[in-house]
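Student: I have a model open and would like to talk through its fold with you. Could you take me through it?

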Amino acid sequence: MFSVLSYGRLVARAVLGGLSQTDSRDYSLVTASCGFGKDARKGILKKGMCYGDDACFIARHRTADVLGVADGVGGWRDYGVDPSLFSETLMRTCERLVKEGRFMPTNPVGILTSSYCELLQNKVPLLGSSTACLVVLDRTSHRLHTANLGDSGFLVVRAGEVVHRSDEQQHYFNTPFQLSIAPPEAEGVVLSDSPDAADSSSFDVQLGDIILTATDGLFDNMPDYMILQELKKLKNANYESIQQTARSIAEQAHDLAYDPNYMSPFAQFACDYGLNVRGGKPDDITVLLSIVAEYTD
């Protein structure tokens with residue numbers, strides 16, 4: 001009997017010891033944004049957090065922080081449609097659903113689905129297409145839940161290394177997965193993917209982790225090692241420092257995009273498809289840079 005009781009006490013101590021080491025603090029994201037349209041001055045936002053045809057949002061709820069980026073498909077401009085309207089409306093709808101609490105932190109695909117359904121039900125048809133990437137930090141579980149459709153994406157950086165990232169989704173070269181709304185006569189012809197096709201993931205984050213969420217204008221022009229070099233300049237979770245680093249990253253990507261002699265990630269990808277391409281890829285660029293920090297209300 002003594003041995004059983006002693007064993008029980010040891011187990012109790014072990015369990016209590018483990019619980020005492022659990023981080024009970026809530027986490028949050030300190031986030032700054034920077035970007036610019038392909039044909040606009042650096043850092044100039046249009047109404048609705050838009051850089052060119054890109055759009056983004058940063059939303060806080062008591063249960064989670066939620067970020068999103070979307071890249072409107074520029075080909076719609078050939079048909080008289082402003083590509084930024086679709087991406088902007090999609091992100092604005094996602095933001096509203098989050099602020100109203102109409103979401104589950106564990107299900108970012110659900111946010112994307114609900115937002116897309118609202119666009120489909122608009123009385124005034126909203127034509128266009130867009131990629132989308134949503135990142136959700138659950139405050140209490142310290143888990144990052146993500147959904148990525150297309151070639152926007154995110155990186156999680158810890159101790160100077162990429163420890164988690166999104167997977168790019170392409171149908172074929174330079175043709176990413178995308179949400180679309182086409183006129184009735186073009187349905188079935190215009191490429192359109194379901195929100196459920198988004199690549200989803202969950203990942204445990206730690207205080208001090210860096211999360212970079214961006215459209216393809218960044219990733220097509222800056223490889224990981226260049227991004228990591230810029231992130232070394234980020235020393236703390238101070239907003240001004242984050243903003244400065246986000247701007248430095250976006251500006252370097254912009255400069256590289258217009259360098260005709262630079263062998264960009266996009267050019268390397270094109271060469272893999274047998275295309276003779278060199279130089280950067282001029283494009284809209286949106287960067288959301290976040291640090292995981294302790295939550296303060």
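Tutor: We can go from the whole chain to one sheet and then to the helices that touch it, bearing in mind that this is a predicted model.

Student: Okay, how many helices and strands are there in the protein chain?

Tutor: The protein chain holds seven helices and 14 strands, and buried residues account for 50% of its 297 residues.

Student: And what share of the contacts comes from residues 24 or more positions apart?

Tutor: Taking the contacts with a separation of 6 or more, 71% of them are between residues 24 or more positions apart.

Student: What about the surface, how much area does the protein chain expose?

Tutor: About 14,300 Å² is exposed, and carbon and sulfur atoms supply 53% of that area.

Student: Let's switch to the sheet, then. What order do the strands of the open sheet have?

Tutor: The open sheet has five strands in the order 1-14-13-7-8, and the pairing is antiparallel. Strand 1 and strand 8 are the edge strands, each of them pairing on one side only, and neighbouring strands of the sheet are turned by 25° against each other on average, if direction is ignored.

Student: Which helix packs on that sheet, touching strand 7 and strand 8?

Tutor: That is helix 5, which also touches strand 13 and strand 14, and whose direction makes about 55° with that of strand 7. Within helix 5, which spans residues 224-231, the buried residues are Met226, Ile227, Leu228, Glu230 and Leu231. Their cover includes elements such as helix 4 (216-219) and helix 6 (239-257), along with strand 14 (285-294).

Student: You mention helix 6, so which strands does helix 6 lie across?

Tutor: Helix 6 lies across strand 1, strand 13 and strand 14, and it runs at about 35° to strand 1.

Student: Back to strand 14: is it mostly covered or mostly open?

Tutor: Strand 14 is mostly covered, with nine of its 10 residues buried. It pairs with strand 1 (residues 27-36) in the antiparallel sense over 10 bridges, while five bridges join it to strand 13, again antiparallel.

Student: Which residues are bridge partners of Val287?

Tutor: Cys34 has Val287 as its bridge partner in strand 14, and Ala214 likewise has Val287 as its partner there. Elsewhere in strand 14, Ser290 stands opposite Ile211.

Student: Last topic, Glu95: where does it lie, and what is it in contact with?

Tutor: Glu95 lies in helix 2 (residues 83-99), and, leaving aside neighbours within four places in sequence, Glu95 is in contact with Phe57, Ile58 and Ala59. The C-alpha atoms of Glu95 and Cys56 are separated by 9.2 Å, although these residues are 39 apart along the chain.

Terms used
Residues numbered from 1 in each chain as written. Predicted model: local features only at pLDDT ≥ 70, side-chain atom pairs only at ≥ 80, totals over all residues. Heavy atoms only, no water. Buried < 20%, exposed > 50% of the residue type's maximum accessible area, 1.4 Å probe, protein only. Helix = DSSP H or I, 4+ residues; strand = E, 2+ residues; numbered from the N terminus. Contact = heavy atoms within 4.5 Å. Areas by Shrake-Rupley, 256 points an atom, 1.4 Å probe, with all protein chains shown as cover. Pairing = 2+ DSSP bridges. Axes fitted to C-alpha atoms, helices over the stretch in contact; angles between N-to-C directions.
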